[in-house]
Amino acid sequence: MINNQWHTKINNEQSSLLQVRGLSKLYKDFQLKNVNFMLEPGMIMGFMGRNGAGKSTTIQSIMDLIKPDEGDIQILGMSMADDEVTIKDQVGYVSDTPILNGSWTVDHTLNFVRHFYTNWDEQMVTNYLHRFGISRTKKIRELSKGMKVKFALVLAISHQPKLLLLDEPTSGLDPVVREEVLELLLDFLQDEECGVLFSSHITSDVEKIADIVTFIDDGKIIISEDKESLLDRYRRIVMYGENATVTAEHPYLFEVKQTKGGYIGYTDNFSEFQKRNSGKWDAERLTLEELFVLLTGHKEESTDAHAD
């Protein structure tokens, strides 16, 4: 008899937009270590990690801008080694520092880029330029940082790609511009055959729109899971009063600390904890930022500290 779970896994892999398996890269002072995750059509993956955790190295490896030491990357069922031109015709990419010729106008840039793609959508480009207030006659150097990012995103989706790869697209932008960027990603996902992987260290942006969250820390994947399922599993548990019988060895709690009135800890299996504990306790749902801090030990930016 075929194992149903394994059969489902095979089917998911065959239909996935992106599969990263065993990706490793060694540098003098950093190592990407056996990175594995998968992105299916119709999904937005928030790829979270502090600066230097390995987000850009992973994305650049996917785009074949960095040659990994080990691992296999499949994009739309193909590999860059065999089908680079076909893949890049169906992938949109924005780096953490988009490189655009400052002396060119927006229109000249569009006319240059369009020749590289087989499925250019001029009407969509025009609609987004109007929506974002980007003039075709403006020179790139005359655009604000926010406008440059939005224009880079227009370029990335101009050829109707199946997969969108974005490296820190909202970093350094003010809240209004970040909201516009996130809305564009949601628009893109109206086509359920497409998918988005966007890296970020701004947890509030990921929490707003991601279906899947993948945490990376020190070059290692900590977790990659459906966002809502993940947030449902974890809880902060506060037990207090005479019924605070939990101890540090409790099987469904970790990071347990004694407080003046009882104990506080965390569970990654809230449903099981509920079944097996009838004492006096409170459960608090975690934000994505709190969960990230809990699992990695690093506090990430969730405020709007940067301005355009």
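**Figure 1. Leu18 and its partner across strands 1 and 4.** In this predicted model, Leu18 stands opposite Ile75, a residue of strand 4. The pair belongs to a longer match: strand 1 (residues 18-26) and strand 4 run antiparallel to each other, with 5 bridges between them. Step back a little and you will find an open sheet of 3 strands, ordered 2-1-4 and paired in the antiparallel sense. Strand 2 (31-39) and strand 4 (70-75) are the edge strands, each pairing on one side only. From one strand to the next, the twist averages 15 degrees. As a reminder while you look around, strands of a sheet pair through backbone hydrogen bonds, and they may do so in a parallel or antiparallel way.

**Figure 2. The hairpin of strands 1 and 2.** Here we turn to the other partner of strand 1. Strand 1 and strand 2 are antiparallel and share 6 bridges. One of the matched pairs is Leu26 with Gln31, the latter in strand 2. The two strands form a hairpin, and 4 residues lie between them.

**Figure 3. Ser24 and its surroundings.** Is Ser24, a residue of strand 1, buried or exposed? Its relative accessibility is 12%, below the 20% cut-off, so Ser24 counts as buried. Which residues does Ser24 touch, once neighbours within four places in sequence are set aside? The contacts are Leu32, Lys33, Asn34, Pro68, Asp69 and Glu70. Of these residues, you can look for Leu32, Lys33 and Asn34 in strand 2, which spans 31-39. Glu70 can be found in strand 4, which spans 70-75.

**Figure 4. Helix 6 beside helix 7.** This view follows helix 6 (residues 145-157) and helix 7 (residues 175-188), whose axes come within 10 Å and cross at roughly 10 degrees. Angles under 35 degrees count as roughly parallel, so helix 6 is roughly parallel to helix 7. On the helix 6 side, the contact is made by Gly146, Val149, Lys150, Leu153 and Ile157. Helix 7 contributes Val177, Glu180, Val181, Leu184 and Phe188. Sorted by class, the contact has 7 nonpolar residues, 1 polar residue and 2 charged residues.

**Figure 5. Strand 12 and its two antiparallel partners.** Strand 12 (residues 262-267) is mostly covered, with 5 of its 6 residues buried. Strand 10 (residues 235-240) runs antiparallel to strand 12 and is joined to it by 6 bridges. To find your bearings, look for Tyr240, which stands opposite Gly262 of strand 12. Strand 11 (residues 254-258) also pairs with strand 12 in the antiparallel sense, over 3 bridges. Within that pairing, Phe254 has Tyr266 of strand 12 as its bridge partner. A hairpin connects strand 11 to strand 12 by way of 3 residues.

**Figure 6. Where to trust the model, and where to take care.** The protein has an average pLDDT of 87, and 88% of the residues score at least 70. Where is confidence highest, and where is it lowest? Strand 1 is highest at 97, while helix 1 (residues 4-15) is lowest with a mean of 44. Across residues 1-12 the pLDDT is below 50, and this stretch has 3 contacts in the model beyond near neighbours in sequence. Residues 301-308 also stay under 50, and here the model has 23 contacts beyond four places in sequence. Where pLDDT is low, please do not read the predicted coordinates in detail.

Note on methods. Residues numbered from 1 in each chain as written. Predicted model: local features only at pLDDT ≥ 70, side-chain atom pairs only at ≥ 80, totals over all residues. Heavy atoms only, no water. Pairing = 2+ DSSP bridges. Axes fitted to C-alpha atoms, helices over the stretch in contact; angles between N-to-C directions. Parallel < 35°, antiparallel > 145°, perpendicular 65-115°, else oblique. Contact = heavy atoms within 4.5 Å. Nonpolar A, V, L, I, M, F, W, Y, C, P; charged D, E, K, R; others polar. Buried < 20%, exposed > 50% of the residue type's maximum accessible area, 1.4 Å probe, protein only. pLDDT = per-residue confidence, 0-100.
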